[in-house]
Amino acid sequence: MSSEKLQSVRGTHDLIGEAHRRHAHVVATARAISGRYGFEEWATPIFEDTRVFSRTLGDTSDVVTKEMYSFSDRGGESITLRPEGTAGICRALVQNGLTQSLPQKVFYAGPMFRYERPQKGRQRQFHQIGLELIGPAEPLADAEVIACGWNILEALGVAQDTVLELNTLGDGESRAAYRAALVEYFSDHVGQLSEDSQARLARNPMRIVDSKDPGDRDLVSGAPTILPYLTDAAARFYDGVKSNLARFGVPFVENPRIVRGLDYYSHTAFEFVTSRLGAQGTVLAGGRYDGLVAEMGGPPTPAVGWAAGIERLAALMTAPPPAPPAPVVLIPLGEAAEAAAIPILQALRAAGLRAEMEYRGNLKRRMERANRIGARAALILGEDELARGVVQLKDLGTGTQTETPIAGLPQTLS
Ligand code: ATP
Ligand code: MG
C-alpha cells in the first residue's frame, strides 16, 4: 500500500530552523522595543465573526472584496480567518469595556490570512507584528507610534534599507472635498479605468489611488492630491505629526499618493518601503483610524497604529538571527551510566544550561554528533568514572580533556 505525500496548502510556509529563528527574532525585538514605549501584548482569536472585518475594512477594499478566508461553521455562523489585526483588537477593546480606561497601548504578533495570488513576499498565511495606540488624539501620538516602528527597524538592522513615506488623509471635511475632486478627474477618464476601479469610482474613489492595476496607476499619477483640499485643522494636524517626527529623529519623505488599503483611516497614513524586496516593497504600514472603534459599536475613540509583515522584515535582515547557546552533551557508556546520566542532565538544565543526551552509537559516533550540533563540551561517563563520581569533560573547542567531579558540573560549566 502506498500513500500519497501530503503537501502544505498553496501560499503557506513552514518555519523551520533558521527561518523560524529569524521570525522569532523579529517578534522578540518588536516586543522588547515596544515594551520600552509602554505597549503591552494582547492576543485575540485568529478567527472572528465575519462582520468584524466586513463592517470595518470597507466593502470596496481588496481585502473584503476578494481576499477574505470566510466560511460557515457547523452552526451556520459566518466566520473569517483574520486578514489583519486591528479590527479584532478594537472588537476586544469594546467587548472588554476598555474604552473606559484609555489610553490602551497594544502590541500583537501572529498569523494573518488573505486569499491572494501567492508570489515572492505574498503568502496566504503570513504573519504580522503590530501596534495600536488607542485614546490619544494628538499628532504627537502618531509620531511616537511611528518612532517606535523606526526603532524596531533599527534594532533589526534594516532601517537604513527603508524609507518612511508619509501622507495625510485629512479629516472628514477634507476627504469629502477631495473625493469630489477625484470623481471629477476620474470621470473624465472612466473608460481607461480597470473594471474594479470603475466600481470604486461611485463607492470609494480614494481607493482608486491605491489601485495596483498598471493602467490605473498611469491615471493616478496625474490625479489631484489631497493637500489643497485639507481644512486648516487637518493641515495643522499634519504639521504637528511632521514636526514631532523631526523631534524623534525619524527621517521621512512626503508621498501624497499613499491612501492605505483599508477604509478606516483618517489623518496620518504612512508606509516604510524598501527597494530591496522587488514589487512587494512595503514592510510596515499604518495610520490613524479615529472612526474604527465606533464602527465596532464603541464610543468615538481616536487611535493610531501600524502593522508590519514579519516575512518581509525577516527577508530584509542580513545579520543571522541569534542562535541558541551551544549545548553540553552527555555521553553515558553502559546501562549504569545511562541511569546516572538523568539526574546529571536535570541538574545542568536546572542551572539554566542547555544540556542534551547522546543516546546511541559507539563513543566515536556520539562524539561526531556532538561536534555536528555545535556542542561546546562533551561529558563522557563510563562505569569507571561513575564509580569515582567524575566525568571526562572534553572541551570541544580546544580539545582538552579534564576529569571533573559530577557534583561540581553545573558550576564548572556555567
Ligand atoms: P500590499 O500593498 O503589499 O498588498 P497591504 O496594504 O495589503 O499591502 P497591509 O494590510 O497594510 O498591507 O498590511 C501590512 C503589512 O503586512 C504589509 O506592509 C506587508 O508587509 C504585510 N503583508 C500584507 N499582505 C501580505 C501577504 N499576503 N503576504 C505577506 N505579507 C503581507
Ligand atoms: Mg494587500
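**Exercise 1. Determine which strands helix α10 lies across, and at what angle it runs to β7.**

Solution. Helix α10 comprises residues 232-248 and lies across β7, β8, β9 and β10; contact means heavy atoms within 4.5 Å. Helices (H or I, at least four residues) and strands (E, at least two) are DSSP runs, numbered from the N terminus. Relative to β7, the helix runs at about 160°. Axes are lines fitted to C-alpha atoms, for helices over the stretch in contact, and angles run from 0 to 180 degrees between N-to-C directions.

The model is predicted: local features need pLDDT of at least 70, side-chain atom pairs count only at pLDDT 80 or more, and totals for chains, interfaces and linings use all residues. Residues are numbered from 1 along each chain as its sequence is written, chains are lettered from A and ligands numbered from 1 in the order in which they are written, and side-chain values use heavy atoms, with hydrogens and water left out.

**Exercise 2. Establish the strand order of the open sheet of 8 strands, and identify its edges.**

Solution. The order is β1-β5-β6-β11-β10-β9-β7-β8, with mixed pairing; two strands pair if DSSP finds at least two bridges between them. β1 (40-41) and β8 (253-254) are the edge strands, each pairing on one side only. Within the sheet, β6 and β11 are antiparallel and share 7 bridges. Gln128 stands opposite Gly309 in β11. Helix α5 (residues 139-155) packs on this sheet, touching β6, β7 (162-168), β9 (266-274), β10 and β11, and its direction makes about 20° with that of β11.

**Exercise 3. Describe the surroundings of ligand 1.**

Solution. Begin with the shell: 15 residues surround ligand 1, and Arg114, Glu116, Gln123, Gln128 and Arg260 come nearest; a residue counts if one of its heavy atoms lies within 4 Å. The shell divides into 4 nonpolar, 5 polar and 6 charged residues, with Gly counted as polar and Asp, Glu, Lys and Arg as charged.

Next, locate the contributing strands. β6 (125-134), β10 (282-288) and β11 (303-309) each supply at least two shell residues, and the largest share, 3 residues, comes from β10.

Then list polar contacts (pairs of N or O atoms within 3.5 Å). A nitrogen atom of ligand 1 is 2.6 Å from a side-chain N or O atom of Glu116. Oxygen atoms of the ligand lie 3.2 Å from a polar backbone atom of Gly309 and 3.4 Å from one of Val283.

Finally, consider burial. Taken alone, ligand 1 exposes 580 Å², of which the protein buries 92%; accessible areas come from the Shrake-Rupley method with a 1.4 Å probe.

How values were computed
Polar contact = N/O pair within 3.5 Å; in protein donor to acceptor, adjacent residues only side chain to side chain.
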